[in-house]
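Please open the structure in a viewer and keep the selection panel at hand. The tour below proposes what to select at each stop and describes what is there.

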Amino acid sequence: MFDFTDDASGREKCYTTVSQLPGFIDPTQVPTKKSPFSAIVNHPFAHTVEVILPEDVYTDIQTSLDKLNKPHSARVFMLPSDLLEHEFFNTYIKTGNILMISEGRAGSDNVYTLQDGILKIELGRETFERTGLTGKPIRSGGRKHAKERFLIELNLRLPSMLHGKKGFDRIVWAFKNVLNQSLAWLFCDLESTPGDQETKPIQKQSPQMINSEVLKTKLSQISTPPLQGLVSPEMSEGDMQESCGAFAEWIAMVQLGSPRVSAEDAVDSYLSRYSVPGDEGTCTTDLISLKWHGLISGPWVLQLFNSLLPSSPWFILSVSALGRQAVEGRDGYTIATAPNIHCSSVASSGNGGEVSESGNRNALCWEFVGATSIE
Amino acid sequence: MADVQRKDPMTEAPPSTAPKRKAPDSTPTTINFTSRNPPWTYLKLQLIPQPDTPSLQPLDPLSARTYLSSALSQFLGLTGTAIPIDILKIENKGSSANGTTKYDAVWVRVPRDDGAAVVAAISSWIGGSGSGSGAAWRVCAKGNYLGALVSGSGRDLFVP
C-alpha cells in the first residue's frame with residue numbers, strides 16, 4: 001500500500017525443519033549433525049533458555065530436573081591482553097575449556113568471542129589494519145553506508161601459540177598497543193562446578209557471578225492448539241509454512257505472557273484480532289514456563305534437552321542467542337517435540353491423530369535469522 | 001518465495017519433479033523449508049514521555065491504540081488509520097519478568113507489508129500537543145518472527 005522499502009525485513013528468514021527423533025539417544029553420542037540437535041550445537045552462546053510444558057507433567061519430573069546443575073556464568077571486566085596472562089592462558093585456554101564473549105554490537109564495535117580455544121575478533125578496517133594480524137573481510141550483505149568489517153580468527157590451542165614464539169608475540173603486541181581497552185565479558189567455565197571457583201585464576205579479575213536460578217512462571221488456562229498433524233504429506237508447502245508459522249507465533253505469545261492466548265481473554269477486535277490457531281482442536285491447559293538467564297552454553301542446553309526428552313510427552317524449548325552477527329545473525333531457535341507432528345496419512349485416518357506410539361516422536365525446529373533487536 | 005525440499009535418504013530428486021521411486025514408509029523423513037515472507041511484522045515499542053511533562057497515566061491497550069492511530073494518521077493520513085494493529089501485550093513500568101523497565105512498552109503486530117510505513121510513522125510522532133501529555137514512541141525491537149524477539153538481545157547481562 002505504501003511505498004516504503006524495508007531492507008532488513010527482506011533479509012529475515014526462518015528455517016523450519018520437521019524431523020523424527022531417534023527412539024533412544026546416548027548422551028555421549030548425540031547425533032549433532034541432525035536437526036534438532038544441530039540447532040542446539042550451532043548456537044554456542046545463549047542468553048535465555050525457556051522450556052514450556054504442561055504443569056502436571058512438570059510436577060512428575062521436577063525432581064529429575066532439579067538434579068541438573070544450574071548454568072553458571074560470571075561477568076568480568078578485563079583487557080584482551082589478560083586472556084594471554086600465563087596463568088589464565090594455561091588454565092583456561094590450553095588445558096581447560098571456556099566460553100567467553102565480550103560486550104559490543106556486531107557491525108559497529110570490536111567484538112570478541114572465545115570458544116574451543118579459538119578467539120574471534122570482529123573489528124572495523126582502521127583498527128584491523130593497525131593490529132597487523134591476518135584476518136578476512138566479513139560479508140556486509142550489500143548494505144549501504146556500512147563500513148567494511150573484518151574478522152580475525154586465532155586458534156590459541158595450536159602448538160605454536162606459546163609465549164616467545166613469533167606469531168604469538170604479534171598478538172601480544174596488538175593487544176598491548178591497539179586493542180587495549182577494557183571490556184565487559186561474560187565468562188563460562190565448561191569444566192568446573194561453581195563450588196571450586198575460589199582458587200581459579202578468574203578470581204584475579206574479580207568476577208561478578210550471574211545468578212541463573214530457574215524462574216518458574218505458571219501459565220494457567222492457556223488455550224493450546226494441537227501439535228498433532230501440523231504437517232502431513234498431503235499438505236502443500238504453503239500450507240505447511242502457514243501452520244508451522246502460526247504455531248511458532250503461538251509459542252512466542254505464550255513466552256511473552258500475552259493475555260491473547262488465555263482461554264478467558266475477551267478483547268475487542270478493535271484492539272487485537274489475534275486468535276489461537278487450530279480453532280476446533282484447541283484445548284485449555286495449565287502450562288508452566290521454566291526460564292534460565294545468563295551466559296548459557298550449548299552443551300548445557302543439550303543436557304537439558306536430553307533430560308526432558310524421555311520424561312515429557314511434549315514440550316517446547318526456546319533459546320535466544322547472544323553475539324548476533326550484524327548481517328543475517330542467528331537470533332535463536334525454538335524446538336517443539338511431540339508425537340505425530342508429522343502425520344502420515346495412514347495413522348491419521350485410522351485413529352484420528354490420537355495414536356501415540358512411543359517410538360514415533362517428531363521434532364519441529366524453527367531457526368530465526370536476522371531480526372532487529374535494540375534492547 | 002519459498003524453498004521446500006523433502007530429504008529422503010533414498011531418493012534425492014529435485015523438488016519440482018516427482019520422485020521416481022517411493023521411499024519405503026518406515027524410513028524417517030525430514031521436511032525442511034525456509035520461510036521469508038510471513039504475514040506479520042512484530043514491534044516492541046516504548047512510550048517515552050517528554051521530560052517537562054509531569055507523568056503519563058500507566059499505559060493500557062486502548063490508549064496505546066489511540067496513540068498509535070494518532071501517529072499513523074499524522075504521517076499517512078486517513079489511509080494510515082486503515083492499517084490494522086493488533087495489541088499483543090502491554091508491559092507496564094517495573095513489571096517486566098526479567099527486572100525493572102523504565103518505560104511502559106507495548107508489543108504490537110502489523111501486516112508485514114505495512115511494517116516499514118508503521119515504523120516511519122511512529123518514530124516521527126510527538127503526540128498529545130495541547131493536552132499536556134507529550135510522548136514519543138521508541139522502537140525497541142522489530143522482526144517478522146516473534147520468537148526471535150521475545151527474550152530481547154541479552155545485552156542486560158553485560159551491565160553490572
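Begin by selecting chain B, which averages a pLDDT (the predictor's confidence in each residue, from 0 to 100) of 79, with 71% of its residues scoring at least 70. This is a predicted model, in which local features need pLDDT of at least 70 and side-chain atom pairs count only at pLDDT 80 or more, while totals for chains, interfaces and linings use all residues. Residues are numbered from 1 along each chain as its sequence is written, and chains are lettered from A and ligands numbered from 1 in the order in which they are written.

Within chain B, select residues 7–14, where pLDDT stays under 50. The model gives this stretch 14 contacts beyond four places in sequence; two residues are in contact if their C-beta atoms, placed from the backbone, lie within 7 Å. Next select residues 23–27 of chain B, where the pLDDT is also below 50 and the model has 7 contacts beyond near neighbours in sequence. Where pLDDT is low, the predicted coordinates should not be read in detail. The model scores ipTM 0.88 and pTM 0.86.

Now select chain A and display it as a cartoon. Its secondary structure comprises 9 helices and 16 strands; these are DSSP runs numbered from the N terminus, helices being H or I of at least four residues and strands E of at least two. The radius of gyration of chain A, taken over C-alpha atoms, is 23 Å, close to the 21 Å that the globule rule (2.2 Å times the number of residues to the power 0.38) gives for 375 residues, so chain A is as compact as a globular protein of that length.

Which strands form the open sheet in chain A, and in what order? The order of its 8 strands is β7-β8-β6-β5-β4-β9-β3-β10, with antiparallel pairing; two strands pair if DSSP finds at least two bridges between them. Select β7 (136–137) and β10 (208–210) of chain A: these stand at the edges with a single partner strand each, so one side of each has no neighbour in the sheet. Then add β3 (residues 73–78) of chain A, which 3 bridges join to β10(A) in an antiparallel arrangement. One residue to label is A:S73, whose bridge partner in β10(A) is A:I210.

Finally, colour chain A by domain: domain 1 covers 7–70 + 212–369 and domain 2 covers 73–210, with bounds from an automatic or database domain assignment. Their C-alpha centres lie 33 Å apart. The contact takes 17 residues from domain 1 of chain A and 16 residues from domain 2 of chain A.
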